[in-house]
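Hi everyone, thanks for coming. Let me walk you through a structure that may be new to you.

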There are 2 protein chains.
Amino acid sequence: MNIVITMRILGLLLMLFSITMMPSILISAFYKDGAHLAFITGMSITFFTGFFTWLPVRRERKELRTRDGFLVVVLFWTVLSLFGSIPLFLTETPDLSFTDAVFESVSGLSTTGATVITGLDELPKSILFYRQLLQWLGGMGIIVLAVAILPMLGIGGMQLYRAEIPGPVKDNKLTPRITETAKALWYIYLTLTLLCAGAYWIAGMSLFDAVSHSFSTVAIGGFSTHDASIRYFDSAAIESIGIVFMLISTVNFSLHFLAWRERSVRNYFYDPEFKFFLFLMTLTSVSTIGVLWLTSTYSFADSFRNGLFEVVSVATTTGFGVADFSQWPSVLPFTLFLAAFVGGCAGSTGGGMKVIRVLLILKQGLREVKRLIHPSAVIPVKVGGRSVPDRVIEAVWGFFSVYMMLFVVMLIGLLATGLDQVTAWSAVGSALNNLGPGLGDVAAHYGNIPDIAKWILIVAMLLGRLEIFTLLVLFTPMFWRR
Amino acid sequence: MNIVITMRILGLLLMLFSITMMPSILISAFYKDGAHLAFITGMSITFFTGFFTWLPVRRERKELRTRDGFLVVVLFWTVLSLFGSIPLFLTETPDLSFTDAVFESVSGLSTTGATVITGLDELPKSILFYRQLLQWLGGMGIIVLAVAILPMLGIGGMQLYRAEIPGPVKDNKLTPRITETAKALWYIYLTLTLLCAGAYWIAGMSLFDAVSHSFSTVAIGGFSTHDASIRYFDSAAIESIGIVFMLISTVNFSLHFLAWRERSVRNYFYDPEFKFFLFLMTLTSVSTIGVLWLTSTYSFADSFRNGLFEVVSVATTTGFGVADFSQWPSVLPFTLFLAAFVGGCAGSTGGGMKVIRVLLILKQGLREVKRLIHPSAVIPVKVGGRSVPDRVIEAVWGFFSVYMMLFVVMLIGLLATGLDQVTAWSAVGSALNNLGPGLGDVAAHYGNIPDIAKWILIVAMLLGRLEIFTLLVLFTPMFWRR
Ligand SMILES: [K+]
Ligand SMILES: [K+]
């Protein structure tokens, strides 16, 4: 463990991160919403903590090794979340406790979008913008994490995507490759954000709302500037734009990169994960719309409109709302949640277990049936015509195993705080999959649950966003041994 | 597929099975409970169907091949359950529909112990005895299935236990080996039953109740002759006897076989599954008793007594009751259910996923953490000091994958019939793990749920008992192809 180089990076990260509070200071000044002091204080604390962390080690020029990646990634989400909570804690509106401020900050940076705040419409604009910006920054981090770092670290089978994006690979030095990849990805991410914001604006949102919602759309975040979320606008055009950009953002950004470089969308349809993702989305949408219509929950037109939007919103783990799906006929809240467990494609801003992992798990199950009938045959697990190495399948299982274990442990924790079963399982599922909304007592917001429950969910959001293992390895003595 | 030899076996099985209705005819005559006609009719139908299935193929002497084992095992549980339901359908008390009769019969033979009947105390003795006997017969079947057949077929990693019991193995002929093994196992099973019945009798049960409850104890069935289950007796002695025999019956019968042959209990403590089983039982018991006491649900004495019995009853998947655990503080119903998902040891009459599978899944998860830190190291999964072959781990994962898939599909099915989430998940979990009691609307019995829900649970009970794959392979075109 290279503590000096980690300090240098952390210092730089904090100084950079402090800049993100600048727009809110300007917005606060423009709207005279009274929150400027909170942001100025927050920015100062963050900047100077970063500066004095960086100062003593600024001349260090050693390269990061692969293994240091774990620590840097975890520090990015934990330390930035903590400093990011300062303005939320300091402002008088909303009047948040320390726990609530951290919850909101982690929920933002992890792009979960679960909120403890009600009365969003009355909040200072600077605070609203800041929440959206946290999600957008979290999304930027995730793209790099998911496309460049996880495959390199081999987290949960993601080595399958190693070297998908060409770039200079020098033994196991981390920086040059990531820098190259990150630039390309951020360019795509920024372009998508601009297109999304423009489309929302043309469709009738105010400029402020358009930019704000574009942030939480491409980041698959789900925060809104209104308590009623997307329903506030009551516009089919805005919902359609949301659907398109949520779907685009839940696809592997490597595919977008290839499409952009080769000026062709062909490669999407060669990708088995993308095809399975589309299949699952279609299946969930059609069956949800069908059930809504057949149970006379809505007219056919409304079943289609609400059903499609909510399926895309929940299945991509965004968490925007146009209807309260927790009140739909009992099978639908469950199946929608199930889709969120599957989540987005690897290398996207989407949460959940990731489509490719679920695909591999299902294929492994089917292989076992075949093997029972032909015990001596060699039956590989194939994805897209290629055999998947055993090592990758084992890593996916390892991921799934630990994922389930932690899910159960945290569920027990929430039940122990006195929450009912439906609230508890949906809250853990929502946090671990970085979805946002839950069922039962957390269908609307997370303000009314005990503080201990909130802390458990904070850990769940971080675990989910860091694909569990990135965070978990730091708690093994083995990691620190040499 | 050897249809002729299968017919011969099925015919013989039905003729043998018809004998199981004989005791009830005698009991009915003795108590003059009026149910004798139902049993005489049921016995005749069963016997003659068997006879006329067997008659045309009686001279067939071909040996069964390994692959035919799937079909025979599935026929044992499905066809016998169907014929076993005849007396239950025909009697006037209880007045069961066709669905309810099949549910009760499958629940008996699969040793689940979920009941649709209330007012047990008023039921004809012959019917009560018959339900218990179905469980005991189911238990006899399971022992052979679990110790001799599953390892040979290699279901869900059970090839790990191949050749644990020495016996003549002639290429892949099924019969000689199974006959030898079955004899030894049934001897142990019968001995345990006699000891259990004797102990219950001495502790104060009537002879009828003692025998009846010994059947459902060693079979890990859970049916009782009283609505109040074991609580009816309100006897610490009876509860202690139940605990001891439930625990013994949930341990791999191969270990009992070795202990009996070598006159030593040493081998138990060399068995990693047994040790992990004891660890889990201790952990669950201590924490449950602690929570009951700390939440003032009971006095310390009652927390200990009720807590210990319910933990053993649910964790072994027996399902006897001395207290309504579904009303305990919310975390306990969940953790107890969780223990039932783990279930008994392989090669026992217990249900659930089996302790060894859960152990392997956990170890695989931990290996993945180690691998991330040392990417190039070869790290085997070890159980009891020996490396587990990859093939076995893959089979366990395949089992787990299909298990989860089916769980989710059946849960969706139950939700679609209008059950609430807690009732639905606990009902599927209880059926698939062959536990018995559920939560919510099925905490006491299964009488009030829709018929479709009952049929889904019937399938779940059979899938659980047949370790899923045995039943599932029959639905693949591949199985029937040659
Ligand atoms: K989200
Ligand atoms: K049972």
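**The ion in chain B**

Let's start with the potassium ion (ligand 2), whose protein donors are B:Thr111 (O), B:Thr112 (O), B:Ile220 (O), B:Gly221 (O), B:Thr317 (O), B:Thr318 (O), B:Asn434 (O) and B:Leu435 (O), at 2.5 to 2.9 Å from it. Donors here are N, O and S atoms within 2.8 Å of the metal, or 3.2 Å for Na, K and Ca; water is not among the atoms, so sites may look incomplete.

A word on the background: this is a predicted model, where local features need pLDDT of at least 70, side-chain atom pairs count only at pLDDT 80 or more, and totals for chains, interfaces and linings use all residues. Residues are numbered from 1 along each chain as its sequence is written, chains are lettered from A and ligands numbered from 1 in the order written, and side-chain values use heavy atoms, leaving out hydrogens and water.

Back to our ion: along the chain, the donors of ligand 2 follow the spacing T-T-x107-I-G-x95-T-T-x115-N-L. B:Thr111 is buried, at 0% relative accessible area, and B:Gly221 is buried at 0% too. Buried means under 20% relative accessible area (1.4 Å probe, protein chains only).

Now chain A. The potassium ion (ligand 1) is coordinated at 2.5 to 2.9 Å by donors including A:Thr111 (O) and A:Thr112 (O), and both of these residues are buried.

How do the chains relate? A rotation of 180° with 0.0 Å of shift along its axis superposes chain B on chain A, with RMSD 0.0 Å; the superposition is by least squares on C-alpha atoms of residues with pLDDT of at least 70 in both. The two copies are thus related as by a two-fold rotation axis.

Note on methods:
Buried means under 20% relative accessible area, exposed over 50%, partly exposed in between (1.4 Å probe, protein chains only).
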